[in-house]
Amino acid sequence: MSRASRAADDLVAQHHASGHTFRAGGIRGFTLDQGEGPPVVCLHGVPTSSFLYRKLVPELAALGFRGVAPDFPGAGLGARPLAFDYTWSGLARWTDRAMDALGIDRCHLVVHDVGGPVGFEWAITRPERVLSLTALDTLVDVAAYRPPPSMWPFTVPVAGEAWLPVLRPPVSRRFFRRVGLADGSSLTDAEVDAHFALITRQDAGRAFLRTMRGFEPTAAKQAFYYEGLASRPYPAQVVWARDDPILGLPRLRAVLDALGVGFPTVLAGRHYLQEEQAPAIAAAVAELAGA
């Protein structure tokens, strides 16, 4: 085992020690869970996990919240069951069970990437459980969405299985820094490697591929999001990375429109803004919570 691989393993072990396991819907889950006060539940996208929120959760705790960041089934330190619905709808139903299992009645919700469609669905079906919504670089106009070229092969059988082994060091490091970070030196190689280890090591990425193939980019789903979010009873905001190469201005405009928000809070960064802007995101969540 290389030195870099051992360093990534150490970070994964530290991540495991900083959270706890739980069971929801008969499935073993894992979550970061820190602080006292009103819960702030943070939902990740792909190809990431709760590890992306390891900086934000302590920031939320320091501001008087209970920061919670669960792994979806198929990602991070959660289970990867074969008999599971990895669509956005299936993940939203599991999220409701996870809230129950974690003793969360109502929460401030933070969503990112395809955690947005999942979180939107949960928030629309369970509006009484949502105190506020913060959308980070996500998508709502799903009928128009097409995965970027680097992610598209994962949506196709055989192509995804062939492409996944390519996405390992050093290719994975270049990819993560190019699309995710304004300052590529802000993360060590070990941290980037840990992100990918938490997606692929348990099952060679099979559940990740099922999640990628469970996207629901239909006109009906898009209408469901727009109609449901327009009638929500809780406040919302949009926090966006200035130079996101994955979800750019068209996605931003759509999220603003769907939420009826006039202007976003724009932060310096790229797609994984949680890595470089955790204090600013936490402050934005706290401000909305106190509005």
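Q: Why are helix 3 and helix 4 called oblique to each other?
A: In this predicted model, helix 3 (residues 88-101) and helix 4 (residues 115-125) pack at an angle of about 60 degrees. Angles under 35 degrees count as roughly parallel, over 145 as roughly antiparallel, and 65 to 115 as roughly perpendicular, with the rest oblique. An angle of about 60 degrees falls in none of the named ranges, and helix 3 and helix 4 are therefore oblique.

Q: What makes the contact between helix 3 and helix 4, and what is the handedness of the crossing?
A: The axes of the two helices are 8 Å apart, and helix 3 passes helix 4 in a right-handed crossing. Helix 3 contributes Trp88, Ser89, Leu91, Ala92, Thr95, Asp96 and Met99 to the contact. Helix 4 contributes Pro117, Val118, Glu121 and Trp122.

Q: Why is the pair of Glu275 and Arg54 called a salt bridge?
A: A salt bridge requires a side-chain nitrogen of Lys or Arg within 4 Å of a carboxyl oxygen of Asp or Glu. The distance from N to O for Glu275 and Arg54 is 2.8 Å, so the pair meets the definition. Glu275 is in the loop between strand 8 (265-267) and helix 11 (278-289), and Arg54 is in the loop between strand 3 (39-43) and helix 2 (56-62). The pair thus links distant parts of the chain, 221 residues apart. Both Glu275 and Arg54 are buried.

Q: What makes the pair of Lys55 and Glu275 a tie between separate parts of the sequence?
A: The side chains of Lys55 and Glu275 meet in a salt bridge of 3.0 Å, N to O. Lys55 lies in the loop between strand 3 and helix 2, whereas Glu275 lies in the loop between strand 8 and helix 11, so the pair ties together parts that are 220 residues apart in sequence.

Q: Why is Glu275 described in one way and Lys55 in another, as regards burial or exposure?
A: Buried means under 20% relative accessible area, exposed means over 50%, and partly exposed lies in between. Glu275 has a relative accessible area of 5%, so Glu275 is buried. Lys55 has a relative accessible area of 25%, so Lys55 is partly exposed.

Q: How do you know that Lys221 and Glu216 form a salt bridge?
A: Their side chains meet at 3.8 Å, N to O. Because the limit is 4 Å, this value qualifies. Both Lys221 and Glu216 are buried. Elsewhere, salt bridges that share partners join Asp96, Asp100, Arg126, Glu128 and Arg129 into one network. A search of the whole structure finds 19 salt bridges.

Q: Why is His108 called buried, and what does its side chain meet?
A: His108, found in strand 5 (residues 107-113), has a relative accessible area of 6%; this is under the limit of 20%, so His108 is buried. The side chain of His108 makes a polar contact of 2.7 Å with the side chain of Ser132. Apart from residues up to four places away in sequence, His108 touches Pro38, Pro39, Val40, Val41, Phe65, Leu131, Ser132 and Ala289.

Q: How do you know that Asp189 and Arg173 make a polar contact?
A: The side chains of Asp189 and Arg173 are joined at 3.4 Å, and the limit for such a pair of N or O atoms is 3.5 Å, so the contact counts. Asp189 is found in helix 7 (residues 189-200). Leaving aside neighbours within four places in sequence, Asp189 is in contact with Arg173 and Arg177. Its relative accessible area of 34% lies between 20% and 50%, so Asp189 is partly exposed.

Q: What makes the backbone at Asp113 and Val158 notable?
A: Most residues other than glycine have a negative phi. Phi of Asp113 is near 55 degrees, a positive value, and phi of Val158 is near 75 degrees, also positive. Asp113 is in strand 5, while Val158 lies in the loop between strand 6 (130-138) and helix 5. Asp113, at 7% relative accessible area, is buried; Val158, at 66%, is exposed.

Q: Why are the peptide bonds before Pro47 and Pro170 called cis?
A: Most peptide bonds are trans. The bond from Val46 to Pro47 has omega near 0 degrees and is cis. The bond joining Pro169 and Pro170 is also cis, with omega about 0 degrees. Pro47 lies in the loop between strand 3 and helix 2, and Pro170 is found in the loop between helix 5 (159-163) and helix 6 (171-180).

Definitions and conventions
Residues numbered from 1 in each chain as written. Predicted model: local features only at pLDDT ≥ 70, side-chain atom pairs only at ≥ 80, totals over all residues. Heavy atoms only, no water. Helix = DSSP H or I, 4+ residues; strand = E, 2+ residues; numbered from the N terminus. Buried < 20%, exposed > 50% of the residue type's maximum accessible area, 1.4 Å probe, protein only. Polar contact = N/O pair within 3.5 Å; in protein donor to acceptor, adjacent residues only side chain to side chain. Contact = heavy atoms within 4.5 Å. Axes fitted to C-alpha atoms, helices over the stretch in contact; angles between N-to-C directions. Left-handed = near helix turned anticlockwise from the far one by under 90°.
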